[in-house]
Amino acid sequence: MVKNTDVAVIVRSIISRVKNEGDIAVAFYTKKYDGISIKPGNFKVSEKETYKAIKKVSSDFLNTIKQAKENIEFFQKKIYPKSTIIRKKGIVLKHIFRPIEKVGIYIPGGEFAYPSTVLMTAIPAKVAGVKKIVMVSPSNNLTREVLATAKICGVDEIYRIGGAQAIAALAYGSKTIPKVDKIVGPGNVFVTEAKKQVFGEVGIDMLAGPSEVLVIADMTALPEFVIADLLAQCEHDKNAGAVLISLSGKLADTIMKSLRALAKQTHSDLLGQVKIIKVANIEQAIRIANETAAEHVEIMVKNPEKVAERIKNAGAIFMGNYSPVAIGDYFAGPSHVLPTGRTAKFSSSLSVYDFIKSSSVIHYQKSSLNKFANEVMKLARTEGLIKHADSIKVRFWRKSEKNKN
């Protein structure tokens, strides 16, 4: 097992080499870590390949992707913030939003391929008005489904590279790979560490950790639903975690018995991934949930709306027996790229907001500036910034001198 300090050192070395050597370093690390020999000229996926992928996937898959795309677009357009204009006498103040120009999206590899992550990263960027969306993903994970989804979602360029070297290439650019302004999307510990280290050179969305779910359930929850959702979360990888907070001792015991049987049957570490907490009342459940600040929170109780109102820290909240995490992962509309590891206490899910930036516009007429000149100069002088005060004073000093002549 690689220690966090070792990961940081390895990633720092990768970033430095990619920054200095560009495509040659990217090819070197792709061979070293992915076992794939690839020349820089073959990094980019051609238009012909993406069109071929669309022709090879089933019509059912394409229809499903298009429906999911429609749902995500609808949601992201609805939450897009509007610019604000404030007018006073002699003053105009604006708060305006503009899209980020170039964005890199990282689609993780590993045991699975994730067309859903293409949907959840590319579509919010497209809705925001990003001019250039550059996608990177390990070569083995660029399945026909992933490529077809990228084409449907409007991704502009696709590169068959992954890992820390892909993050470094997006951050600093190379002869083949364009430099972007922001990088989004989840990945393994090396990808996450790379995003952390290039922050400042580019923007990033978040530092995502292992996936997690917290389920609050009472006697009205169906055990088979709860078990299915806990297992779905654990399916991601061995580091994924699931917590059940049960208000029913009977429900907790039933689920624990089933999990033990499954763990024995599959020879898995399932019991190491799932934690069951029995609580006496909903107050305890809510307190634990807010402290845990989980990526996903499912509420399977009699009155889920009332409980949801009191969950202050969560990446996404799923209410009722028929709102499993899976509907959010693939289809509902909000992005499934969510804060993990208690970071939901101070950060939010990926959305159109991550692909826009705001600017303030300030316009004062002479009379309005004159009205507040003394106050501004007083504040500047209090801070010892005399030149700031002079920048106000000069506008009226010149006027008074002119009147004397």
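1. A salt bridge here is a side-chain nitrogen of Lys or Arg within 4 Å of a carboxyl oxygen of Asp or Glu. R342 and E291 meet that rule, with their closest N and O atoms 3.2 Å apart. This pair joins distant parts of the chain: R342 is in the loop between α14 (325-330) and β13 (356-364), while E291 is in helix α12 (residues 282-292), 51 residues away. Keep in mind throughout that we're looking at a predicted model.

2. The R342 and E291 contact doesn't stand alone, since E291, R342 and K345 are linked in a network of salt bridges. As for cover, R342 has 43% relative accessibility and so counts as partly exposed. E291 comes out at 42%, which also makes it partly exposed. In total, the model has 12 salt bridges by this rule.

3. Next, have a look at helix α3 and its contact with helix α6. The side chains of E47 and K151 form a salt bridge, N to O, at 2.7 Å. Because E47 sits in helix α3 and K151 in helix α6, the pair ties together parts that are 104 residues apart in sequence. E47 is partly exposed at 43% relative accessibility, and K151 is partly exposed at 25%.

4. A second salt bridge from helix α3 involves E49, whose partner is R160; the closest N and O atoms are 2.5 Å apart. Here the link runs from helix α3 to the loop between β5 (157-159) and α7 (163-172), where R160 is found, with the two positions 111 residues apart. How covered are the two ends? E49 counts as partly exposed at 31% relative accessibility, but R160 is buried, with a relative accessible area of 15%. The cut-off behind that call is that buried means under 20%.

5. Helix α3 matters for surface charge too, if you're setting up electrostatics. Which residues gather in a patch of positive charge on the surface? They are K48, K52, K56 and R144. Helix α3 (residues 47-56) gives the largest share of this patch, 3 residues. R144 lies in helix α6 (residues 144-153), and its relative accessible area of 42% makes it partly exposed.

6. Just ahead of that helix, L142 is in the loop between β4 (132-136) and α6. Is L142 buried or exposed? At 13% relative accessibility, L142 counts as buried. For a distance check, its C-alpha atom is separated from that of Y159 by 9.3 Å, and the two residues are 17 apart along the chain.

7. Now for the sheet. Strand β11 (residues 296-300) has 5 of its 5 residues buried, so the strand is largely enclosed by the rest of the structure. In a regular strand, side chains alternate between the two faces of the sheet. In β11 both faces are covered: H296, E298 and M300 are buried on one side, and V297 and I299 are buried on the other.

8. What does β11 pair with? One partner is strand β8 (residues 212-217), in the parallel sense over 5 bridges. Another is strand β12 (residues 316-319), again parallel, over 4 bridges. V297 is a handy residue to follow across the sheet: it is the bridge partner of L214, and its own bridge partner in β12 is I317.

Key: Residues are numbered from 1 along each chain as its sequence is written. This is a predicted model: local features need pLDDT of at least 70, side-chain atom pairs count only at pLDDT 80 or more; totals for chains, interfaces and linings use all residues. Side-chain values use heavy atoms; hydrogens and water are left out. Patches are made of residues with over 30% relative accessible area and no salt bridge: like charges are joined within 9 Å, nonpolar side chains (Val, Leu, Ile, Met, Phe, Trp, Tyr) within 5 Å. Accessible areas come from the Shrake-Rupley method with a 1.4 Å probe; for residues, only the protein chains shown count as cover. Lys and Arg count as positive and Asp and Glu as negative; His and the chain ends are not counted. The place of a charge is taken as NZ of Lys, CZ of Arg, CG of Asp or CD of Glu. Buried means under 20% relative accessible area, exposed over 50%, partly exposed in between (1.4 Å probe, protein chains only). Two strands pair if DSSP finds at least two bridges between them.
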